[in-house]
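Let us read a fold step by step. Start with the overall layout, then turn to one sheet and what packs on it.

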Amino acid sequence: KIAVDELGRNSFYNMLGAFGFGSRTRVDLEGEQTGRIRIPGDSEWSESDLGTNSFGQGMSVTPLQMLNAYNVIANGGLLLQPRVVKQVIRGTEISNIDPIVTRRVISREVADQVTAMMVAAVERGLDDLARVDGYSVAGKTGTAEIPSPVGYVSGATIVTFIGFLPADAPQVSILVKLDRP
């Protein structure tokens, strides 16, 4: 309803793109995929896509894109290029690989508000399963139906948990994905 009535299709799809969906993250690994999102102007896009895309259906994203989008929240609204290598050591020479900020996606204030909601989800909504003693954890569960050539596979889902900690000064982000649990 919000995507259709309040944001509108242009703002909605612009935000999906700003969070990095539909494009490569430019991680330092070979073979990265873009995922698939039909957008206005594509021959296959229709108005119904706006409604279904607003709750994550009818599109595909990679786990790294999802984790990177959540990291926007953890990073105070900034999208960073993910990396696997943090440091290279050759003998006594140490080379640090500095983070690369791609762009600001949301304000610090919005990131803090969403973080607070994610902390509440862990504290009150997950039966203590994502809590870590001594840390404030921000996290969110997700469930996706598995597509087939003619709709969705009956009774089959992908479930995820994505989180970061400590919530007030994130150092670690995690994505757990289970296919057909």
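The dialogue below works through this predicted model.

Q: How many helices and strands does the protein chain have, and in which pattern?
A: Take the inventory before anything else. Here the secondary structure comes to four helices and seven strands. Along the sequence the pattern reads α-α-α-β-β-β-β-α-β-β-β.

Q: What is the order of the strands in the open sheet?
A: Read a sheet by its neighbours in space. This open sheet of three strands has the order 5-6-7, and the pairing is antiparallel. Strand 5 (138-148) and strand 7 (172-179) are the edge strands, each pairing on one side only. From one strand to the next, the twist averages 20°.

Q: How many bridges join strand 5 to strand 6?
A: Strand 5 and strand 6 (residues 151-165) run antiparallel and are joined by 10 bridges. To fix the register, take one pair: Thr143 stands opposite Val159 in strand 6.

Q: Which strands does helix 3 touch?
A: Look at contacts, then at direction. Helix 3 (residues 63-74) packs on the sheet and touches strand 5, strand 6 and strand 7. The direction of helix 3 makes about 145° with that of strand 7.

Q: Where does helix 4 lie?
A: Helix 4 (residues 108-125) lies across strand 5 and strand 6. Helix 4 runs at about 85° to strand 5.

Q: What share of the residues of the protein chain counts as buried?
A: Of 181 residues, 30% count as buried. The protein chain exposes about 11500 Å², with 54% of that supplied by carbon and sulfur atoms.

Notes:
Residues numbered from 1 in each chain as written. Predicted model: local features only at pLDDT ≥ 70, side-chain atom pairs only at ≥ 80, totals over all residues. Heavy atoms only, no water. Pairing = 2+ DSSP bridges. Helix = DSSP H or I, 4+ residues; strand = E, 2+ residues; numbered from the N terminus. Axes fitted to C-alpha atoms, helices over the stretch in contact; angles between N-to-C directions. Contact = heavy atoms within 4.5 Å. Buried < 20%, exposed > 50% of the residue type's maximum accessible area, 1.4 Å probe, protein only. Areas by Shrake-Rupley, 256 points an atom, 1.4 Å probe, with all protein chains shown as cover.
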